[in-house]
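Hi,

Here is the structure I promised to pass on. Have a look at it first, and then read on for what turned up.

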Amino acid sequence: MCIEPTGSMRLFVIALWVGLLLVGLGMRDAPTRRDSDWLIRVGLEQGAFAPVLYVGVSADSLRWVDPRTGQTLGVGAASQVWELRRENGRFVARCGQAQMAAERLVAEPAGAGFVQVGASPNALRPYRGHLEWVEREGKLLTVNWVRLDDYLKATLPREMPPHFHIESLKAQAVAARAFTMRRLNRYRQWGYDLCDHTPCQVYGGVNAEHPNTNLAVEATEGEVLTHGGRILETVYAANCGGHTAPIEVAMTGTQPLAPLRGVPDTDADGKPFCSLAPNFAWELTLTRDDLERRFPHAGRIREVAITQRTAGGHVQQVRLRGDRATLTLTGAEFRTAIGVGRIRSLMFEVQPQQDGWRIAGRGSGHGAGMCQWGAQGRALAGQTYRQILGAYYPDATLVGAFGQ
Ligand SMILES: [Zn+2]
């Protein structure tokens, strides 16, 4: 007889695992914790999720394994592309006359190559680690099991330009590692930890790696930020406009947290560290028609007023006075309703204009946590990654292999 773990047992196992992780991080003389100790599962929702998938290997050979038994089912050559389908409750891979079939199927490189996958046989993308599949919505969803360091190397260049100063890249590497570890198991109902696109971090596999960001990951091996005994969810945004935003103002549904309370991002002369960003200041015209289309129950809109602002300048509350209703929204709700690409940050002013409003602002992104352009400005001004992290996440502690 076989006992399937129940939901609560699974939660217990996860809690135990996270507990062990924290105990490990709190122990200064524990054996060095390496990123390569952690395998994470990335659901390739964007990269390889289709009714039929194609699988290959970049060099040497490909091994098909049944993960329940560890048995090798077969081996393919680098030139071969396998077609993978779901048939009668089994995953079936075919290439010419060869066929592998099992209830669970793993593809891994045998030798120096990378396993490749894609929805078209001509567009395979290489990934480190190994691949497994789950069925979701009648399609095949690829799960890439990858070491934490390899995952960070494949995501960092999409989070921060690799030509940024090495100290800002190192700060980004620590923030991304902590963010990743706080989000493990986020997609457990589908069998993975993180997805491969914007709700998580954009993950492009081996092709996305860059030597500069690889160096930043290696130089900060195992380091994360903690607060109150837990790993901090180290959010970050492109450009804060001169002051970072309290998390509860920046993101709907969040609670205040000391390290994410919002801090000035200015040098001794009062100049924002992020003012070197090419799009630091912005403006747009919001026409009356455009606004009324988005809030039809307000009727004819007479006034748009900012009724509450943080000490740092972020809009907390906006009031729309119409002839049928007066609406009160949080700044984040207003920004989402108009479009986050148009109202690029919460640091903005509103002025009435002929038949509309002029909105002028600074910064880009939600504004909470580390300011990425500010990190670049600070690094160019001589700050180390530890000083940068200390500035943007006050009250957080840097821990890990080379931590304190
Ligand atoms: Zn900034």
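To start you off: which residues of helix 9 (residues 385-392) are buried? They are Tyr385, Ile388, Leu389, Ala391 and Tyr392. These residues sit on the same side of helix 9, because they cover an arc of only 160 degrees around the axis. If that seems odd, remember that an α-helix has 3.6 residues a turn, so residues three or four places apart point the same way. As for what that side of helix 9 leans on, its buried residues pack against helix 3, strand 15 (224-227), strand 24 (370-371), helix 8 (372-380) and strand 25 (397-399).

Before you go further, keep in mind that this is a predicted model.

Now the overall picture. The chain has 404 residues, and 42% of them are buried. You'll find nine helices and 25 strands in the chain, and the C-alpha trace spans about 70 × 55 × 45 Å along its principal axes. If you take the contacts between residues at least 6 apart in sequence, 67% of them join residues at least 24 apart.

The domain assignment splits things up like this:
- domain 1 covers 36-147
- domain 2 is made of two stretches, 149-244 and 371-399
- domain 3 covers 281-362

Between the C-alpha centres of domain 2 and domain 3 there are 32 Å.

Next, the inside. In soluble globular proteins, nonpolar side chains tend to be buried together. Here the largest nonpolar core has 99 residues, and Val117, Val174 and Ala178 have the most contacts inside it. Helix 3 (residues 166-182) gives the largest share of this core, with nine residues. Try clicking on Val117: leaving out residues up to four places away in sequence, Val117 touches Ala48, Leu53, Tyr54, Val55, Leu124, Arg125, Tyr127, Leu131 and Thr142.

Leu53 in that list leads us to a sheet. Leu53 has Leu84 in strand 6 as its bridge partner, and three bridges join strand 3 (residues 53-57) to strand 6 (residues 82-87), with the two running antiparallel. Both belong to an open, antiparallel sheet of six strands in the order 8-7-6-3-10-11. At its edges are strand 8 (98-102) and strand 11 (125-127), each pairing on one side only. From one strand to the next, the twist averages 30 degrees.

There is also an open sheet of three strands, in the order 18-23-22, again with antiparallel pairing. Why do strand 18 (281-287) and strand 22 (348-353) each have one side without a neighbour in the sheet? Because they stand at the edges, each with a single partner strand. The twist in this sheet averages 20 degrees from one strand to the next. Strand 18 is joined to strand 23 (residues 356-362) by seven bridges, and the two run antiparallel. One bridge to look up pairs Thr287 with Gly356 in strand 23.

One last residue to try: Arg63, in strand 4 (residues 61-66). Is Arg63 buried or partly exposed? Arg63 has 19 other C-beta atoms within 10 Å, and a buried residue needs 20 or more, so Arg63 counts as partly exposed. Beyond its neighbours within four places in sequence, Arg63 is in contact with Thr72, Val75, Glu108 and Ala110. Ala77 is 14 residues from Arg63 in sequence, and their C-alpha atoms are 9.0 Å apart in space.

Have fun with it!

Notes
Residues numbered from 1 in each chain as written. Predicted model: local features only at pLDDT ≥ 70, side-chain atom pairs only at ≥ 80, totals over all residues. Helix = DSSP H or I, 4+ residues; strand = E, 2+ residues; numbered from the N terminus. Buried ≥ 20, exposed ≤ 12 C-beta atoms within 10 Å, placed from the backbone. Contact = placed C-beta atoms within 7 Å. Pairing = 2+ DSSP bridges. Axes fitted to C-alpha atoms, helices over the stretch in contact; angles between N-to-C directions. Domains from an automatic or database assignment. Core = buried A, V, L, I, M, F, W, Y, C linked by C-beta atoms within 7 Å. Arc of directions from axis to C-beta.
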